[in-house]
Amino acid sequence: DSRCPMDVRCVWAGTVEVRATTSTQVSHGEQNFKLSETMPFGDYKITLVEVTPAVKKTGERIAESAYRFTFEVKKR
């Protein structure tokens, strides 16, 4: 999680990257997903569309267990 803290003005907004396991009846694998980037997987396109908590304050640490990820899956 390299997103810009809410109480700082950043030149680059940063991003979030998560490693997730994806599977269908015919394929299985792990992929790294970055926020708002679409990844192909078989007959599908998968996009990491939301990560919560949204952003943190400077110096604040977010526990790994607090993160929630929302994906959008579309047939190609």
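Before looking at any pair of residues, I noted that two strands pair if DSSP finds at least two bridges between them. The model I have open is a predicted one.

**Overall make-up.** I looked up the secondary structure and found zero helices and five strands, so my list of elements from the N terminus on reads simply β-β-β-β-β. Of the 76 residues in the protein, 26% are buried. I also looked up the surface, where the protein exposes about 5,700 Å², with carbon and sulfur atoms supplying 50% of that area.

**The sheet.** I then followed the strands and found that three of them form an open, antiparallel sheet in the order β3-β4-β5. Because β3 (38-41) and β5 (68-75) stand at the edges with a single partner strand each, one side of each is left without a neighbour in the sheet. Neighbouring strands here are turned by 30° against each other on average, direction ignored. Between β4, which spans residues 44-52, and β5 I found antiparallel pairing over eight bridges, and in one entry valine 51 has phenylalanine 69 of β5 as its bridge partner.

**Threonine 47.** Is this residue of β4 buried or exposed? I noted its relative accessibility as 10%, and because buried means under 20%, threonine 47 counts as buried. Its side chain is joined to that of threonine 38 by a polar contact of 2.7 Å. Leaving aside residues up to four places away in sequence, I listed Ser36, Glu37, Thr38, Thr70, Phe71 and Glu72 as the residues that threonine 47 touches.

Methods. Residues are numbered from 1 along each chain as its sequence is written. This is a predicted model: local features need pLDDT of at least 70, side-chain atom pairs count only at pLDDT 80 or more; totals for chains, interfaces and linings use all residues. Side-chain values use heavy atoms; hydrogens and water are left out. Helices (H or I, at least four residues) and strands (E, at least two) are DSSP runs, numbered from the N terminus. Axes are lines fitted to C-alpha atoms, for helices over the stretch in contact, and angles run from 0 to 180 degrees between N-to-C directions. Buried means under 20% relative accessible area, exposed over 50%, partly exposed in between (1.4 Å probe, protein chains only). A polar contact is a pair of N or O atoms within 3.5 Å; within protein, one must be able to donate a hydrogen and the other to accept it, and residues adjacent in sequence count only if both atoms are side-chain atoms. Contact means heavy atoms within 4.5 Å. Accessible areas come from the Shrake-Rupley method with a 1.4 Å probe; for residues, only the protein chains shown count as cover.
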